[in-house]
Amino acid sequence: MKPNQSDTLGTDAIGSLLVKQALPASIGILVMSLNVVVDTIFVGNWIGSIAIAAINVVLPVSFFIAALGMAIGIGGSSIISRALGSNNRARALKTFGNQITLTLLLTVAMVIFGLIFINDLIPAFGGKGDIFEPAKIYYRIVLYGVPLLALSMMGNNVIRAEGKPKFAMIAMIIPSIGNLLLDYIFIYIFDMGMAGAAWATTISYSLSFFYILYYFLSDKAELKINWSHFGLDLSILKEISALGFVTLARQAVVSVTYLLMNNILFNFGGEASVAAYGIIGRMLMFALFPVLGVTQGFLPIAGYNYGANKFKRVRESINKAILYAGGLGILIFILIMSFPETITSVFTNDPDILSETPHYMRWVFAATPIIAIQLIGSAYFQAIGKAVPALLLTLTRQGFFFIPLIFILPYYFGELGVWISFPVADILSTIVTGYFLNREIRKTLKE
């Protein structure tokens with residue numbers, strides 16, 4: 001294997017390079033999303049619809065802590081991609097070591113905090129009534145494995161920054177397959193209920209972590225760190241924090257959104273509405289996998305070429321990423337609009353949920369054809385190290401538009417207003433992102 005395989009990010013044709021980077025990322029996201037979807041199907045059919053709502057309540061807490069690892073991974077990987085592009089390997093190595101130290105310190109602290117305040121956090125996130133007890137069981141067990149998930153998500157982004165998308169894909173596939181097999185064993189065979197679903201998830205996190213550890217200890221990895229790289233460097237920490245805060249803020253807003261949605265929908269329709277949101281939320285994770293894969297594949301290409309001052313290649317990567325992701329978004333839109341009833345019936349046989357969810361699902365996915373502009377636009381600023389515009393554009397959809405809308409529109413349209421908020425927020429955020437991305441291209445990415 002070439003010692004500097006990341007160099008291909010600056011030499012290969014953008015179109016083939018984007019496919020090469022995006023395809024493994026898409027497959028990895030697909031398998032992870034399928035894992036979430038099938039896990040929900042297993043839980044809904046083998047435990048009950050209340051269990052779907054319980055898991056949906058816990059997700060914001062565990063996802064936020066795991067998002068610390070993702071934030072550190074993406075923030076640090078932006079530095080690594082640009083450092084490799086400018087042939088500054090010392091900075092790339094030091095950044096990777098700091099990522100590991102920072103991830104461990106923060107996630108362990110957050111897990112301790114999460115366990116101490118378990119009885120307060122679960123009701124706050126919508127775990128009320130019959131949902132509370134199963135949510136508490138799931139939450140406590142899953143939280144133990146979150147630091148390993150955070151390290152996996154951090155390491156996965158570093159692998160991608162090295163230009164090794166296939167290994168990053170495997171790291172995403174392993175825990176997904178493991179979780180499904182363990183779900184079958186713990187829930188169906190051993191009848192362990194919510195505890196079985198939780199242990200299946202936690203053990204699957206461990207499988208991903210050990211694979212990534214194996215990768216970096218093997219000769220396949222380009223970045224070989226030693227103990228000196230683990231010492232925290234203030235300048236690197238500041239840049240990781242600034243860029244990583246973009247991802248963390250996005251995940252924090254997602255967690256807040258879950259909190260608000262679970263509570264608002266519980267007030268409108270009780271457990272059934274929360275369960276419907278759980279199903280639609282899983283479909284958002286699953287159906288958008290190719291669009292998110294293109295976004296993931298775009299990041300190291302843009303970062304590397306920006307660091308190498310190859311601005312023409314950066315512009316080309318933006319255009320082709322939007323083109324590919326937009327085309328995939330249109331296909332997703334057609335499928336969701338055509339088969340929402342069939343999709344819902346896979347998750348549950350509850351008549352109340354079956355009657356309402358398809359209608360709401362159509363509203364949620366109504367603006368899917370245009371979301372590529374918003375995703376690629378905000379990802380571009382993060383890839384090139386411009387933290388402030390990346391943060392603002394990342395928060396545009398859910399923070400600046402969606403959250404206010406779920407309070408305003410239900411006043412006029414009732415529960416339907418909550419679901420209409422999804423496409424309205426997508427349209428508004430796409431317009432804003434498109435404007436700033438176009439201005440950046442004209443101003444900075446000159447010949």
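# Briefing: pocket, helices and aromatic pairs

The largest pocket holds about 320 Å³ of space. The model is predicted. The notes below cover that pocket, a residue of helix α3, helix α10 and the aromatic rings.

**Largest pocket**

- The lining of the largest pocket counts 17 residues. Nearest the centre lie Phe96, Ile100, Leu213, Phe216 and Ile225.
- Three elements each give two or more residues to this lining: α3, α5 (132–161) and α7 (193–217).
- Helix α7 supplies the largest share, 5 residues.

**Threonine 107 in α3**

- Helix α3 spans residues 89–116 and includes threonine 107.
- Threonine 107 has a relative accessible area of 0%, under the 20% limit, so this residue counts as buried.
- Beyond its neighbours within four places in sequence, threonine 107 is in contact with Ile65, Leu68, Pro147 and Ala150.
- Tyrosine 205 is 98 residues away along the chain from threonine 107, and their C-alpha atoms are separated by 14 Å.

**Helix α10**

- Helix α10 covers residues 289–307, 19 residues in total. From first C-alpha to last, α10 reaches 28 Å, close to the 27 Å expected at 1.5 Å a residue.
- Most of α10 is covered, with 15 of its 19 residues buried.
- Asparagine 309, just after α10, takes a positive phi of about 60°.

**Aromatic pairs**

- The model has 20 aromatic pairs, counting ring centres within 6.5 Å.
- One of them joins tryptophan 227 and phenylalanine 230. Their ring centres are 5.4 Å apart and their planes meet at 45°, so the pair is tilted.
- Why is this pair called tilted? An angle of 45° is neither under 30 degrees, which would be stacked, nor over 60, which would be edge-to-face.
- Tyrosine 306 and phenylalanine 311 also form a tilted pair, 5.4 Å centre to centre with 45° between the planes.

**Exposure of the paired rings**

- Tryptophan 227 counts as exposed because its relative accessibility is 76%, over the 50% limit.
- Phenylalanine 230 has a relative accessible area of 23%, so this residue is partly exposed.
- Tyrosine 306 sits at 17% relative accessibility and therefore counts as buried.

**Aromatic cluster and a charge over a ring**

- One aromatic cluster is formed by Tyr277, Tyr360, Phe402, Trp419 and Phe422.
- Phenylalanine 402, one of the cluster residues, has arginine 397 over its face, at 5.8 Å from the ring centre.

Definitions and conventions
Residues numbered from 1 in each chain as written. Predicted model: local features only at pLDDT ≥ 70, side-chain atom pairs only at ≥ 80, totals over all residues. Heavy atoms only, no water. Helix = DSSP H or I, 4+ residues; strand = E, 2+ residues; numbered from the N terminus. Expected span 1.5 Å × (residues − 1). Buried < 20%, exposed > 50% of the residue type's maximum accessible area, 1.4 Å probe, protein only. Phe/Tyr/Trp six-rings, centres within 6.5 Å; stacked < 30°, edge-to-face > 60°. Lys NZ or Arg CZ within 6 Å of the ring centre and 35° of its normal. Contact = heavy atoms within 4.5 Å. 1 Å grid on protein atoms, 1.4 Å probe; cavity = no way out; pocket = protein on both sides within 12 Å on 5 of 7 lines; lining within 4 Å. Points joined across faces, edges and corners; volume = space filled by probe spheres on them.
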